[in-house]
Amino acid sequence: MTVLANTFDRQWQDCEQDYLAAVKRVGASGWYILGQEVSAFEAALADWCKVPHVIGVANGMDALEIAFRVSGISAGDKVLTTPLSAFATALSILRTGAVPVYCDVDAAGLLDPEAAEHAFEEHPDIRAIAPVHLYGQLSDMDALQALADRHGARVFEDAAQAIGARRGDVGVASGGRMASLSFYPTKNLGVIGDGGALLMHDPDEAEIARSLRNYGQAERYVHTRPGLNSRLDELHAATLTDAFLPRLNGWLDVRRKIARAYLDGITNAAVTPLPCADIAGSGWHLFPVLVAPERRDAFMDFLKSNDVAPGLHYPVLMPDQRAVTDHATPLVVGELTQAHRFAQSEVSLPIHPYLRDDEVAKVIDAVNGWTG
Ligand SMILES: *Cc1c(COP(=O)(O)O)cnc(C)c1O
């Protein structure tokens, strides 16, 4: 049996009863869009995340786009981001008509504040920074916020991978910032389908976000903004409240336990986990390791032949995607040396809440058994 990146059948066995009870409740209620289930989930998540406003939307990409649009990011505005992320990050910027500016990441794969500083020297008109909390780790928000403050820019956190991440006192959407979450099934808090949310502090901005997710409607038949159709379903909201959110703390504990086992157990000098100052600080959405770029294919083949399914996050940088390069020359600051290193060297090991101890041991044995 192959150790997989996810085993949703085990999750279903665990959650089935709570899930089906939620489905029955919504079905019987006769109310399927923007009702009390969405409101109840938003309140529960706001409590969990310690933010005043949560707006449930259709997916993580829309959450980020709505965040930009709420604060007036529009055609031609420059938004600084990382080149190393799910393409949805760049796409959410492009969909507002704004122009992504890419600069390098640090040794952990996160937007590098020093590279970001250079980006502002080259492009003083950057209006926003969109760091991505990649792999579950929180970006250096103190440094990035200080930089943004010096330049009158705003910061939007792409926290699709990072619910539960912390750096000391700083968590997702701390410091009054907006953050976006995704409930894509593989994420730390997933649904059986698509979903997402915006974490917000300002009540007026929260109101605009609520309007934007629902055709830009201010009241019935009155549309004050060209909005989206990006609502979280009552069904998904109910299953999040009943089946998934109550398990999130336990799931994060398991992810951290597996991360510790990997960090302690992996002794192969040819396989390098990322630097980690605080195991409890990451949400451990993924467990990335770095190998020599010319040996990556061999490493992945070796894992597969030892019944371990590897992943890649991400082999192609966002500014190198054809959806970008076919239309314009991307604005890139500096050499993206670290980002390219990740694109060529990173391999993700299985880490998820239903991974068993024997499977963790099997992954460690496979990694340590590779001769490099
Ligand atoms: C998954 C993900 C997204 C997109 O979320 P969807 O819900 O799939 O739209 C955006 N950014 C990052 C970093 C992600 O991992």
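**Note on the predicted model**

1. Start with an aromatic cluster: Trp-12, Tyr-19, Phe-244, Trp-251 and Tyr-354 are linked to one another through ring pairs. The model is a predicted one, and every value below is computed from it. Over the whole structure, a search for aromatic pairs returns 10.

2. One pair from the cluster is worth a closer look. A pair of aromatic rings is described by two values, the distance of the centres and the angle of the planes. For Tyr-19 and Phe-244 the centres are 5.9 Å apart and the planes make an angle of 50 degrees, so this pair is classed as tilted. The class follows because stacked needs planes under 30 degrees apart and edge-to-face needs over 60. Tyr-19 belongs to helix H1 (residues 8-29) and Phe-244 to helix H8 (residues 234-244), so the contact ties together parts that are 225 residues apart in sequence.

3. Are these two residues buried or exposed? Tyr-19 has a relative accessibility of 12% and counts as buried, because the limit for that label is under 20%. Phe-244 is buried as well, with a relative accessible area of 1%.

4. The next point is the ligand. The shell around the ligand holds 15 residues, and those that come nearest are Gly-60, Asp-158, Gln-161, Ser-182 and Lys-187. By type, the shell divides into six nonpolar, seven polar and two charged residues.

5. Which N or O atoms of the protein lie beside oxygen atoms of the ligand? A polar backbone atom of Met-61 is 2.9 Å from a ligand oxygen. In the side chain of Ser-182, an N or O atom is 2.7 Å from an oxygen of the ligand. For the side chain of Lys-187, the corresponding distance to a ligand oxygen is 3.0 Å. Taken alone, the ligand would expose 380 Å², and the protein buries 89% of that area. Helix H3 (60-70) and helix H4 (88-95) are the elements that each give two or more residues to the shell.

6. Just beyond helix H4, the loop that leads to strand E3 (99-102) contains Thr-96. This residue counts as buried at 12% relative accessibility. A polar atom of the Thr-96 side chain is 3.1 Å from the backbone nitrogen of Ala-98.

7. Ser-182, already met beside the ligand, also belongs to strand E8. How many of the residues of E8 are buried? Five of its five residues are, and the strand is mostly covered. In a regular strand the side chains alternate between the two faces of the sheet. In E8, Met-178, Ser-180 and Ser-182 are on one side, Ala-179 and Leu-181 are on the other, and all of them are buried.

8. Strand E8 has partners that run in opposite senses. Strand E5 (residues 154-158) is parallel to E8 and joined to it by three bridges; here Glu-157 stands opposite Ala-179. Strand E9 (residues 196-200) is antiparallel to E8, with four bridges between them; here Leu-181 stands opposite Ala-197.

9. Elsewhere, three strands make an open antiparallel sheet in the order E12-E13-E15. Why does an edge strand have a free side? Strand E12 (272-273) and strand E15 (346-349) each have a single partner strand, so one side of each is left without a neighbour in the sheet. Four bridges join E13 (residues 287-290) to E15 in the antiparallel sense, and Val-289 has Val-347 in E15 as its bridge partner.

10. The last items concern the backbone. Most residues other than glycine have a negative phi, and most peptide bonds are trans. The bond between His-313 and Tyr-314 is cis, with omega about 5 degrees. Tyr-314 is in the loop between helix H10 (296-305) and helix H11 (322-325).

11. Two residues that are not glycine have a positive phi. Tyr-135 has phi near 65 degrees, and lies in the loop between strand E4 (126-130) and helix H6 (141-150). Its relative accessible area is 1%, which means that Tyr-135 is buried. Ala-173 has phi of about 65 degrees, and is found in the loop between strand E7 (170-171) and strand E8 (178-182). Ala-173 also counts as buried, at 1% relative accessibility.

Methods
Residues numbered from 1 in each chain as written. Predicted model: local features only at pLDDT ≥ 70, side-chain atom pairs only at ≥ 80, totals over all residues. Heavy atoms only, no water. Near = heavy atom within 4 Å. Polar contact = N/O pair within 3.5 Å; in protein donor to acceptor, adjacent residues only side chain to side chain. Areas by Shrake-Rupley, 256 points an atom, 1.4 Å probe, with all protein chains shown as cover. Nonpolar A, V, L, I, M, F, W, Y, C, P; charged D, E, K, R; others polar. Phe/Tyr/Trp six-rings, centres within 6.5 Å; stacked < 30°, edge-to-face > 60°. Buried < 20%, exposed > 50% of the residue type's maximum accessible area, 1.4 Å probe, protein only. Pairing = 2+ DSSP bridges.
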